[in-house]
Amino acid sequence: MVRKDSLPSLLEEGRRKIQVTDEELKEAKRRRRLLAASVRRAFAGSITYFNGSVAHGDANTPLTDVDLGVVLTTKDAEPYGPGKKSALPLMEIARDAIHEDLDAEFQNLTVEVVGRRRAVLVRFGDPVTKGQADFTADVMTALPHPSGRGLYIPNTKIADQWDRADPITHTQMVLQAITDTKVVFARTVRLLKHWNGTHSKPMCSWNIKALSLGCLNEPMPLINALQVFFTYAADEIDKGPTPDPADVAGPIPLNMTRREVHKRLCTARDYVDLAIEHEAAGRLLSAQHALHQVLPELIPDADATHEESARLTSTVRSGGTAATGLGLAVGPVTPTRAWGI
């Protein structure tokens, strides 16, 4: 007998496949605490902050990295910044402190500074997820911004050597969204990051989260959250680059042309709309087949041939137009993925 699942149950099962495990999180957070203690020791009076997927509550498995930063005191930061010293001396201090504190436990530990754009790269030489090559951490040395809003963070690839950003506010905004949506925000972002990775990474994870902050602000089923996101994101990307939600940094860059990203968002939106339409009409296999096009590794494909044939026959008999719908055709149903690649 053919198994027929609702879209909410399919998405719940799919997101559990990629959700980071408690064991992974526990060990990743332990290592993050070790690094935070080390850089606070290196920079007396400093504060540390956490950002990235672990801090934002949307990490997927396998877990491969963590992100954190250390903010110097105003006095210690005075020699650094645009038009002053670069972050290189600070990164070297952080590197030496991390080696002093962690070498004994992690015998294959390496800490890279040369050539790094923004942060010290820590390679533990010991993964937290079985089967992975390693586990890493980005440790950023940051300065308080003179305005009191945001930070100066390193950017060794530009003449000024520093960029303005506000990762602390970003994390606060994400955590508030998770609370407001009763965790739907984080679960949706997990699915969206997987969609992004499956389809050649048209956007960075932060762009996905920044757009989600603009449209996911209350609890809703995951299928509706996907529909809301893709509709909103397609409209916003069509208008222009995504602005910084904290209104401190510049627009968020894309990994492809804006036209190509917009095309992929529209395709995903149309498949999600079609899946919802099919489910509302009781065609669960057709709904699953449509959603599979968006999340092919999480949602199993379904043979919707008989459901589609019955739908088209009914449409013709009633005098309607036998429109095939996106990706679903008359006769044998062949999965199609129009991602522009």
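This section describes one helix pair and two pockets in a predicted model.

Helix H10, spanning residues 258-280, packs against helix H11, spanning residues 284-294, with an angle of about 165° and an axis separation of 7 Å. Because angles over 145 degrees count as roughly antiparallel, H10 and H11 are therefore assigned to that class. Their crossing is left-handed. On the H10 side, the contact involves Ala-268, Tyr-271, Val-272, Leu-274, Ala-275, His-278 and Glu-279. H11 contributes Leu-284, Ser-286, Ala-287, Ala-290, Leu-291, Gln-293 and Val-294. The residues of this contact comprise ten nonpolar, three polar and one charged.

The largest pocket has a volume of about 1,600 Å³. Its lining consists of 46 residues, of which Gly-52, Asp-67, Cys-204, Ser-205 and Trp-206 are the closest to the pocket centre. At least two lining residues come from each of strands S1 (47-51), S2 (65-71), S5 (136-144) and S7 (162-165). The same holds for each of helices H3 (52-56), H6 (167-180), H7 (184-198) and H8 (205-213). By class, the lining of the largest pocket contains 19 nonpolar, 14 polar and 13 charged residues.

The second largest pocket encloses about 180 Å³ of space. It is lined by Thr-74, Ala-77, Glu-78, Tyr-80, Gly-81, Pro-82, Lys-84, Leu-143, Pro-144, His-145, Pro-146 and Tyr-152. Helix H4 (74-77) and strand S5 each provide two or more of these residues. Strand S5 also supplies at least two residues to the lining of the largest pocket. Seven nonpolar, three polar and two charged residues make up the lining of the second largest pocket.

Methods. Residues are numbered from 1 along each chain as its sequence is written. This is a predicted model: local features need pLDDT of at least 70, side-chain atom pairs count only at pLDDT 80 or more; totals for chains, interfaces and linings use all residues. Side-chain values use heavy atoms; hydrogens and water are left out. Axes are lines fitted to C-alpha atoms, for helices over the stretch in contact, and angles run from 0 to 180 degrees between N-to-C directions. Helices (H or I, at least four residues) and strands (E, at least two) are DSSP runs, numbered from the N terminus. Angles under 35 degrees count as roughly parallel, over 145 as roughly antiparallel, 65 to 115 as roughly perpendicular and the rest as oblique. A crossing is left-handed if the near helix is turned anticlockwise from the far one by less than a right angle, and right-handed if clockwise. Contact means heavy atoms within 4.5 Å. Ala, Val, Leu, Ile, Met, Phe, Trp, Tyr, Cys and Pro count as nonpolar, Asp, Glu, Lys and Arg as charged, and the others, Gly among them, as polar. On a 1 Å grid over the protein atoms alone, a cavity is a set of points where a 1.4 Å probe fits but cannot get out, and a pocket is an open set with protein on both sides within 12 Å along at least five of seven lines; lining residues have an atom within 4 Å of a point. Grid points are joined across faces, edges and corners, and a volume is the space filled by probe spheres set on the points.
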